[in-house]
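Work through the exercises below with the sequence and the model open. Try each task before you read its solution.

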Amino acid sequence: MTAPTTPPPASARRDALTDVAGVRVGHARVEGEGALTGTTVVLAPEGGAVAAVDVRGGGPGTRETDALDPRNLVQRIDAVVLTGGSAYGLDAASGVMAWLEERGRGVRVGPDPAQVVPVVPAACVFDLGRGGDWRARPDASTGRAAVEAAAASEPGAAVGQGCVGAGTGAVAGQLKGGVGTASVLLPSGVTVAALVVVNAAGSVLDPHTGVLYGEYGGAEPAVAPAPEVHRAARQRLEEARDASARPPLNTTLAVVATDAALGRAQAQKLAGTAHDGLARAVRPVHLLTDGDTVFALATGARELDPADPVALNGLLAAGADAVTRAIVKAVRAATGVVGTGSGGGTFPSYGDLYGAPAGPDASPADESGRSDSPSA
């Protein structure tokens, strides 16, 4: 079965990663008192997608990223896992791997079609103890719940944003972070989209104005909150900082997907330039305490113009733009957390501090698009 070739009509587009035809997203969270973590799975169409990765943070936690090097054997992959739980949470990929094997999806390594080894790249964010329970972390069952949620979703479904999946316990500077997604439709008909888990050691907020960094230079002029609102917000952040003693061990993760036909080196270039979108929205980035990682997926449904030697440029720019907007949407969709237990921390949301401003990126996705599944 090959990747779908027909993108959703303009009226059905979700401004989400799922606007890339055939790509699905599933979230699952760890349940229980003191648990504030989860897993997000991006499921490629059957037949897989060309994939690449670019890791720039100084403290990454990853799995199977070497397999994506263009010099190496694996040509296509079936899923990417983004997970909480730091390095412990990478076990979530095992559940996704088992689910794919049961369906014969993976690199074929024997004469029997069932003899496959699914290659499941994964990356983790640090959220240990954010809900108060240090040992609450995703495992293989969480990964399986997330991939099952992705597989059960309708093509082009809305994607849950905010405190869902791998963004459940995410923090952006001193604000609550989460999951955000956005897409761009190029004049050529190619779609480029991003899904981001915003869990940054750096800040997403301009301390002088209260504007999210990612809103500067956007399609609409950035509107600063009233000075008295900003002063009150800064005071609340100072109080929250006093209650949160844990050091900023963080990571921002992203998947950038397109329906364009890209080679593996081109996909790697897309992953690399997508980091520019991260740098516009988070300051500073790529620190030693970050593990900033961007994956790129290309389903190959639409050919680039062979007569245009720089046709890739439009995709590269769009990928960075989508990442920036996805970060803004993640922060706006998040809900605040008052920590419990040792080191849980208190993390107000942008909405808690500044209210819910008007605009398409101001509120969480329609709840019908959430695909959270409980996992022990």
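**Exercise 1. A serine in a loop**

Is serine 86 buried or exposed?

Solution. Start with the ground rules. This is a predicted model, in which local features need pLDDT of at least 70 and side-chain atom pairs count only at pLDDT 80 or more, while totals for chains, interfaces and linings use all residues. Residues are numbered from 1 along each chain as its sequence is written, and side-chain values use heavy atoms, with hydrogens and water left out.

Step 1. Take the cut-offs: buried is under 20% relative accessible area, exposed is over 50%, and partly exposed lies in between (1.4 Å probe, protein chains only).
Step 2. Serine 86 has a relative accessible area of 18%, so it is buried.
Step 3. Place it: serine 86 is in the loop between E5 and H1. These labels come from DSSP runs, helices being H or I with at least four residues and strands E with at least two, numbered from the N terminus.
Step 4. Check the backbone. Phi of serine 86 is positive, about 55°, although the residue is not a glycine.

**Exercise 2. Another positive phi, and a cis bond**

Find where glutamate 64 sits, then locate a cis peptide bond.

Solution. Step 1. Glutamate 64 belongs to the loop between strand E4 (62-63) and strand E5 (79-83).
Step 2. Its phi is positive, near 65°, and glutamate 64 is not a glycine.
Step 3. Its relative accessibility is 34%, so glutamate 64 counts as partly exposed.
Step 4. Now go to arginine 283. The peptide bond from there to proline 284 is cis, with omega near -10°. Proline 284 lies in the loop between H4 and strand E14 (293-302).

**Exercise 3. The whole chain**

How many helices and strands are there in the protein?

Solution. Step 1. The protein has six helices and 17 strands.
Step 2. Of its 376 residues, 57% count as buried.
Step 3. Look at contacts, meaning heavy atoms within 4.5 Å. Among those between residues at least 6 apart in sequence, 78% join residues at least 24 apart.

**Exercise 4. Two helix pairs**

Describe how H1 packs with H2, and H4 with H5.

Solution. Step 1. Two packed helices are described by the angle between their axes and the distance between the axes. Axes are lines fitted to C-alpha atoms, for helices over the stretch in contact, and angles run from 0 to 180 degrees between N-to-C directions.
Step 2. The axes of H1 (residues 92-102) and H2 (residues 140-152) come within 6 Å and cross at roughly 50°.
Step 3. H1 and H2 are therefore oblique to each other. The classes are roughly parallel (under 35 degrees), roughly antiparallel (over 145), roughly perpendicular (65 to 115) and oblique (the rest).
Step 4. List the contact. H1 brings residues including Ala92, Val96 and Trp99, and H2 brings residues including Ala140, Val147 and Ala151.
Step 5. Turn to H4 (residues 264-281) and H5 (residues 312-333). Their axes come within 7 Å and cross at roughly 40°. H4 and H5 are therefore oblique to each other.
Step 6. Among the residues that meet are Leu270 and Leu278 in H4, and Leu315 and Ile327 in H5.

**Exercise 5. Salt bridges**

How many salt bridges does the structure hold?

Solution. Step 1. Fix the term: a side-chain nitrogen of Lys or Arg within 4 Å of a carboxyl oxygen of Asp or Glu.
Step 2. The structure holds ten salt bridges.
Step 3. One of them joins arginine 325 and aspartate 15 (2.8 Å, N to O). Arginine 325 is in helix H5 and aspartate 15 in the segment before strand E1 (24-30), so the pair ties together parts 310 residues apart in sequence.
Step 4. Another joins arginine 71 and aspartate 69 (2.6 Å, N to O). Arginine 71 is exposed, at 72% relative accessible area. Aspartate 69 is buried, at 19%.
Step 5. Return to H2. Arginine 144 and glutamate 148 meet in a salt bridge (3.2 Å, N to O). Both lie in helix H2, four residues apart, about one turn of the helix.
Step 6. Widen the view: Glu102, Arg103, Arg144 and Glu148 are linked in a network of salt bridges.
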